[in-house]
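Student: I would like to learn how to read a structural model feature by feature. Could you take me through one, giving the general idea before each case?

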Amino acid sequence: MEESLLKSLYVKAKENSLYGRYISMAHLIPLLKKFPVTFQWEIIGKTVLNKPIYAVRIGKGAKKVLMWSQMHGNESTTTKAVFDLLNALKFSGEADIASLLDSCTLVFIPMLNPDGAEVYTRENANGIDLNRDAQALSQPESIALRKLYDYFKPDYCFNLHGQRTIFSAGKTATPATLSFLAPAQDNASSLTKNRKIAMEIISEVTKQIQKSIPNQVGIYDDSFNINCVGDTFQSLGTPTILVEAGHYKNDYQREVTRELVFQALLLSLDYITTNSVNGTKYQPYYDIPKNEKLFYDIIIHNASVNNEKKDIAIQFQEKLVKGKIEFSPKIERIENTLSGYFAHREINANGNPVFTPKNESVFEGYENDFVMINNEKISLKVT
Ligand SMILES: [Zn+2]
């Protein structure tokens, strides 16, 4: 698919009613209700708190693709991208979209964990991480996904998540704005055919996406855990791709990342449409750098803390306040040096003491919107 088409489709298709980090089922229901009749939606199960879980089906082709988003309630970026993508699929006047819908049958679960989304938690209402429940199937949300998987028998699965700001793409000063993984399906990380197919799609999409965000794509941690949904579906023989929406500089609302996820999903579907993917072109997957945990949100360099020279690492705590996510700065580490680490924002204290507003030295765990450096109030808030 041409880059110009990707861009113009996004402009036309972006779902403007969805913005920022807090996306709950209340935001989605009006959108589901106004889909055209060719978008068939149904209730595939109920949550712990008895809320419906929806799936949307579109297309009539032989290649079956299943995508689910927001299995972790506080990971909303891919949900925004799914609605942008659904809107783009309305433009069947575009030859590429028409052939996609002729070749593929797509099923989306836009929000697998509405209870968690409502209160902005990773876990469901029982406090269970659904991405560790793929074998036990102890939760109604896990059962709904598994039933749909068993019934639909997808040829490809996309497991859509969001990742924290801490990840770099390799040992570099660039954040992992997108990360992918072809999950392992056994302890030996065997290169099965379905895994190679997932790797080939990731390779192709990364090649395209890297043109707009060079060095900002990583491979997520690939240690095998059969309790994870991706690992389970891969082990059942379905090529499965994990997509992680990450940080782009100054984009704490993840609106830039949202467009990149949209591109990645559409490029994946386009590749599946226009190729009989057999996994032979999986090798470039190994050239993609691995995620490393090298970033903090803020580092204050050359600080004086209790009369010692220190670097101070700050990480934002995400809090749901009146329907919005607030980012509360918290001191995570105070070290002699944090060289080797990077930050999305760097502050140089020039050897001055860093104090709380009460003139105490700052300490690990201290949480406030600002600190005092050289009698000046320095805001740590997201701008
Ligand atoms: Zn997740």
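Student: Let me begin with a cysteine: does C157 count as buried or exposed?

Tutor: One caution before the answer, which is that this is a predicted model. A residue is called buried when its relative accessible area is under 20%, and because C157 has 0% relative accessibility, C157 counts as buried.

Student: How many disulfides does a search of the whole structure find?

Tutor: The general idea is to look at the separation of the sulfur atoms, since a disulfide requires a pair of cysteine sulfur atoms within 2.5 Å. The search of the whole structure finds 0 disulfides. C157 is in no disulfide, and the nearest cysteine sulfur to its own, that of C104, is 13 Å away. For C228 the closest cysteine sulfur is the one in C157, at 14 Å, which is too far for a bond; C228 also counts as buried, at 11% relative accessibility.

Student: C104 brings me to strand β4, so to speak. How many of the residues of β4 are buried?

Tutor: With a strand, one asks which residues are covered and which way each of them points. Strand β4, residues 104-109, is mostly covered, with 6 of its 6 residues buried. C104, L106 and F108 point one way from β4, while T105, V107 and I109 point the other way, and all are buried.

Student: Which way do strands β2 and β3 run relative to β4, parallel or antiparallel?

Tutor: Here one reads the bridges between strands together with the direction of each pair. Strand β2 (residues 52-58) is joined to β4 by 3 bridges, and these two run antiparallel, whereas strand β3 (residues 63-69) is joined to β4 by 6 bridges, and those two run parallel. F108 is a useful residue to follow by eye: F108 in β4 is the bridge partner of V56, and M67 stands opposite F108 as well.

Student: Next, the metal. Which residues coordinate the zinc ion?

Tutor: For a metal site, one lists the donor atoms and then looks at the angles among them. The zinc ion is coordinated by ND1 of H72, two OE atoms of E75 and ND1 of H161, at 2.0 to 2.6 Å. Along the chain these donors follow the spacing H-x2-E-x85-H, and both H72 and E75 are buried.

Student: What do the angles at the zinc ion say about the site?

Tutor: Ideal angles for four tetrahedral donors are 109.5 degrees. To count as tetrahedral here, four donors need all angles between 85 and 135 degrees. The angles among the 4 donor atoms of the zinc ion are 54 to 151°, and the site is irregular. Water is not among the atoms, so sites may look incomplete.

Student: How many salt bridges does the count come to, and what does K12 pair with?

Tutor: Side chains of opposite charge can pair when their charged atoms come close. The count comes to 17 salt bridges. In one of them K12 pairs with E94, the closest N and O atoms being 3.8 Å apart. K12 lies in helix α1 (residues 3-13) and E94 in the loop between α3 (77-88) and α4 (95-103), so this pair ties together parts that are 82 residues apart in sequence. K12 is partly exposed, at 44% relative accessible area, and E94 is partly exposed too, at 25%.

Student: And where a pair sits within one helix, what separates R146 and D150?

Tutor: R146 forms a salt bridge with D150 at 3.1 Å between the closest N and O atoms. Being 4 residues apart in helix α6 (residues 140-152), R146 and D150 are separated by about one helical turn, and D150 counts as partly exposed at 38% relative accessibility. Another such pair is K207 with E204, at 3.5 Å from N to O; these two are 3 residues apart in helix α7, again about one helical turn. K207 counts as exposed at 52% relative accessibility, whereas E204 counts as partly exposed at 21%.

Student: Which residues are linked in a network of salt bridges?

Tutor: K14, K80, D84, E255 and R258 are linked in such a network.

Student: Lastly, where is the place of Q216?

Tutor: Q216 is in the loop between α7 (193-209) and β8 (217-219). Q216 is buried, with a relative accessible area of 14%, and, leaving aside neighbours within four places in sequence, its contacts include A169, T174, Q210 and Y248.

Conventions:
Residues numbered from 1 in each chain as written. Predicted model: local features only at pLDDT ≥ 70, side-chain atom pairs only at ≥ 80, totals over all residues. Heavy atoms only, no water. Buried < 20%, exposed > 50% of the residue type's maximum accessible area, 1.4 Å probe, protein only. Contact = heavy atoms within 4.5 Å. Donors = N, O, S within 2.8 Å, 3.2 Å for Na, K, Ca; no water. Tetrahedral: all angles 85-135°; square planar, octahedral: opposite > 155°, others 65-115°. Salt bridge = Lys/Arg side-chain N within 4 Å of Asp/Glu carboxyl O. Pairing = 2+ DSSP bridges.
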